[in-house]
Amino acid sequence: EPEPEPEPEPEPEPEPEPSFIPKNASKYVGVEQLRSRSQGWTIQLVAGNLEQTALNVISGYPSLGEMVYTMGTRKGEPWFMVFYGDYSSKEEAQKAASRLPDALVSRTPWVRTTEAL
C-alpha cells in the first residue's frame, strides 16, 4: 500500500506590522480620524518620509496650536504630513494659508480636501 502523502507544512503567519508609536502623541492624529472630524478642508504644510521633519515644523511654530500630523504611506514607505486647521470651504482655507508665517508660506502650503487624505 502506498504511504499517505505527508501533510504540507502550514504557511508561516506573516509578521504583524509593528504598530507606529508617534513621538509627539499629543499632536498626532490618525488619517481616519482626520477624515471624519473635519469640515472638509485643511492646509498641508509639509510632507516627507521622516517623522522628525513633521516634528520640527510643529515645534518651530508653537503659536500655531492647531497643527497636527499624521502618517500615511506613499510608494509603500511611511509618509508624514503636517496639517493646519479645519475649514468649511476652500476659500476660507486659502485665506488662512495666506496668513501663515512667511517661512511656511514659502513652502507653498497645499489647501486640500480631507476626504482625499
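This is a short tour of the protein chain, going from the whole model to its sheet and then to the helices around it.

**Start with everything selected.** Keep in mind that you are looking at a predicted model. Zoom out until the whole chain is in view: its C-alpha atoms fill a box of roughly 85 × 25 × 25 Å along the principal axes. The radius of gyration is 21 Å, whereas a compact globule of 117 residues would come out near 13 Å. If you switch on a surface, the chain exposes about 8100 Å², with carbon and sulfur atoms supplying 51% of that area. Buried residues make up 36% of the 117.

**Now colour by secondary structure.** You should find four helices and four strands. Walking from the N terminus, the elements follow the order α-β-α-β-β-α-α-β. For a feel of how the chain comes back to itself, take the contacts between residues at least 6 apart in sequence: 71% of them join residues at least 24 apart.

**Select the four strands.** Together they make an open sheet, ordered S2-S3-S1-S4, with antiparallel pairing. At the edges sit S2 (67–74) and S4 (110–113), each of which pairs on one side only. Rotate the view to look at the twist: on average, neighbouring strands are turned by 40° against each other, direction ignored.

**Zoom in on S1 and S4.** S1 covers residues 41–48 and pairs with S4 in the antiparallel sense over four bridges. To see one of the residue pairs, pick Thr 42, whose bridge partner in S4 is Arg 112.

**Next, add H3 (residues 90–98).** This helix packs on the sheet, where it touches S1, S3 and S4. Compare the direction of H3 with that of S1, and you will find an angle of about 50°.

**Then move to H2 (residues 51–60).** H2 lies across S1, S2 and S3 (77–87), and runs at about 165° to S2. Show its side chains and pick out the buried ones: Glu 51, Ala 54, Leu 55, Val 57 and Ile 58. Which part of the helix do these buried residues line? Look down the axis of H2: they fall within an arc of 160°, so they line one face of the helix. The spacing helps here, because an α-helix has 3.6 residues a turn and residues three or four places apart point the same way.

**Finish with the surroundings of that face.** What do the buried residues of H2 pack against? Select S1, S2 and S3 together with helix H4 (102–105), and you have their packing partners on screen.

Conventions
Residues numbered from 1 in each chain as written. Predicted model: local features only at pLDDT ≥ 70, side-chain atom pairs only at ≥ 80, totals over all residues. Heavy atoms only, no water. Pairing = 2+ DSSP bridges. Helix = DSSP H or I, 4+ residues; strand = E, 2+ residues; numbered from the N terminus. Axes fitted to C-alpha atoms, helices over the stretch in contact; angles between N-to-C directions. Contact = heavy atoms within 4.5 Å. Rg over C-alpha atoms; globule rule 2.2 N^0.38 Å. Buried < 20%, exposed > 50% of the residue type's maximum accessible area, 1.4 Å probe, protein only. Areas by Shrake-Rupley, 256 points an atom, 1.4 Å probe, with all protein chains shown as cover. Arc of directions from axis to C-beta.
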